[in-house]
Every structure is written in C-alpha cells, then in structure tokens.
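Subject: Structure handover

Hello,

Here is the structure we talked about handing over. Please open it alongside this note.

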Amino acid sequence: MLDIKPMTGAIGAEILGLDLKASISVDLAKALRHALMDHQVIVFRDQHLDIAAQKRLTRVFGSILRLPYVEPMAEDPEVIAVLKEASEAKVGVFGGEWHSDFSFLETPPAGSVLNAVDVPEVGGDTVWANQVLAYETLPDELRQTVDAHDAIHVGKPYGAKYAPPAKHRASNSIRMTRGDPNADIERRHPAALPHPRAGRKALFVNPIYTTRLNGMTDEASAPILEALYKHSIRPEFCCRLRWRPGDVAVWDNRLAMHCAVNDYDGARRLLYRTTFSDTPD
Ligand code: SIN
C-alpha cells in the first residue's frame, strides 16, 4: 500500500506520494505505524504541515505527550519549537548529543514527530542509529552484561553527565526549566529494552541521561557504558536526514537513538516537534 524508499541498509525510509494535509484513513494509519516499526524512522518530503496537521499525524502514532523541562510554544502547550536563530553562535542545541528522548521518565515516549519550517542551506541534519541492530551485534560478553542489568537514567538537569556548567551558554531560543520532581528522580529501565510490539530488544542506554548500570558504581559502569555508546552509533547502524523545508520525520524512540548535528552557526533552524506515547497497535 505504501511506496517506501529505504534511506540506508539499516534504518530510515522515505514514504513517497502522500499528502499528509489530506485526511488519513484507518488503513493508511495502520500502514504508517507498521512502516515506523519496520524502519524506525520514516520521512515525508515536501509536506509543509501546519500545527493542526502535524498533531493529526502525531495522533496516528499515539497520544500527544507534554514534556518535562522544555517550555512549549505559547500558542500550543503540546508543541515545542526547536529553534536556533542565525544570530546564535557557539551555543548548544536541543538534542545535540546522542540520546533517546526523556529516557528518564517512568514510561519513555514512544516516538516523536519533527516538522521542518526553516532549515539551513547546509548543515543541521538529524542522525538516527538503529539500537536493535546495535544490541544484536554486541560482542557476547557485553551482550550478557546488558541482558543482566537495568540501567539508571536521570533527567536532573539534564542528565548527570552532560549537565551544562553554569557559564555554558545554551541557545536562548529554546527555554529549559528546572526542578521537575517527576523528572529529577532516578529511574531504572532494562539496558536491553523489549519493544512492546516489535518483539525485539533494543539497546537502551544513552550518554545524556544514563548514569550507571544498576548494582554497579558510576566508576565500574563507566567503561562498560563507554563501550556501549561507541558501539551503538557505528556508521552502519545510522541514517542521516538532510532536511528541506516542509519535510516531516517520525521516529520510534525505543528502537532508535538520535542526535541533532550542530554545524550551522549563522543560519536559522526551526522545526516543530510533537511527542507521542505508545502506539495503538
Ligand atoms: C531532538 O528532538 O532531539 C532534536 C532533533 C533535531 O533538532 O534534529
């Protein structure tokens, strides 16, 4: 039913020939959910969706979630404007390190939608890495360690390891808040997370929010986590999206990690982001 063009041998697919401004039938919605599970990241070119259409698309995949720490758009509390202005140089960007979104929540989000409004001529790509493949190709000993442990995640701003030092200037264009009691606490998730529908496990640790393996000290965990991080983003697990205005990407947050490439000082980049909880089938 769908015209699908894989982006790489491992992850990501463009879905061709759809206009997401038109209504999405029950059958089409089901096919899109299946495509997301099969490819982990699906991309629709040249859509130019308004917020209402983006939210309609998001609800195909699950219920829209409100997020801790990030101030949403004044016009709509369910949407985040991921923005770096052309005037902002040498600042961090939202999602600029490899991560699974909000992995410190009791139930991490099922996925997200990014809708490109304004993107640099060059740079500002997003990269995703297939964590099912990462898990399945771990050396035996490392996979046994992963299978035997939960990992501890914390949001407390914003994950122990990468908490920006006070004098580090983050982008002024995305406002982060602090002190969310629901997110500041530690949470445990299996380091190899079974996906509720894909029926496969994915490596679920990330350098922003994971502090240690359960039952180990930070020091004992550190070399294991470093080895996992290095393995998890091998180029053959990744796809990279060169954004054009109007593009829309949807990804599964439990199957793939992602990272926003911050290489476009001097250009404006604005994408609207919605996040969803678990998919209906
Ligand atoms: C994010 O959701 O982590 C940001 C991704 C991006 O801006 O490319």
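Below is what was found, starting with the ligand and then moving to the sheets.

Please keep in mind that this is a predicted model.

Ligand site

The ligand sits in the largest cavity. Two elements each give two or more residues to the shell around the ligand: strand S14 (256-260) and strand S15 (269-276).

The residues around the ligand are these:
- Val82, Phe94, Gly95 and His99 are among them.
- Asp101, Leu114, Thr126 and Trp251 also belong to the set.
- His258, Ala260, Arg269 and Arg273 complete the list.

Which side chains place an N or O atom at a listed distance from a ligand oxygen? There are entries for threonine 126, arginine 269 and histidine 258. For threonine 126, the distance from a side-chain N or O atom to an oxygen atom of the ligand is 2.5 Å. For arginine 269, the corresponding distance is 2.8 Å. For histidine 258, it is 3.0 Å.

How much of the ligand's accessible area does the protein cover? On its own, the ligand has 260 Å² of accessible area, and the protein covers 100% of that.

Seven-stranded sheet

One open sheet has seven strands, in the order S1-S2-S3-S13-S5-S15-S4. Its pairing is mixed. At the edges are strand S1 (3-6) and strand S4 (80-84), and each of these pairs on one side only. From one strand to the next, the twist averages 25°.

S15 ties this sheet to the ligand site: the strand is part of the sheet order and also gives residues to the ligand shell.

At the S1 edge, four bridges join S1 to strand S2 (residues 13-16). These two strands run antiparallel. Here lysine 5 stands opposite glutamate 14 in S2.

Three-stranded sheet

A further open sheet has three strands, ordered S8-S7-S11. Its pairing is antiparallel. The edge strands are strand S8 (186-190) and strand S11 (210-213), each pairing on one side only. Here the twist averages 30° from one strand to the next.

Strand S7 (residues 150-154) is joined to S11 by three bridges, and the two run antiparallel. Which residue is the bridge partner of alanine 151 in S11? The partner is leucine 213.

As background, strands of a sheet pair through backbone hydrogen bonds, either parallel or antiparallel.

Best regards

Key: Residues numbered from 1 in each chain as written. Predicted model: local features only at pLDDT ≥ 70, side-chain atom pairs only at ≥ 80, totals over all residues. Heavy atoms only, no water. Pairing = 2+ DSSP bridges. Axes fitted to C-alpha atoms, helices over the stretch in contact; angles between N-to-C directions. Near = heavy atom within 4 Å. Polar contact = N/O pair within 3.5 Å; in protein donor to acceptor, adjacent residues only side chain to side chain. Areas by Shrake-Rupley, 256 points an atom, 1.4 Å probe, with all protein chains shown as cover. 1 Å grid on protein atoms, 1.4 Å probe; cavity = no way out; pocket = protein on both sides within 12 Å on 5 of 7 lines; lining within 4 Å. Sits in = over half its atoms within 2 Å of the grid points.
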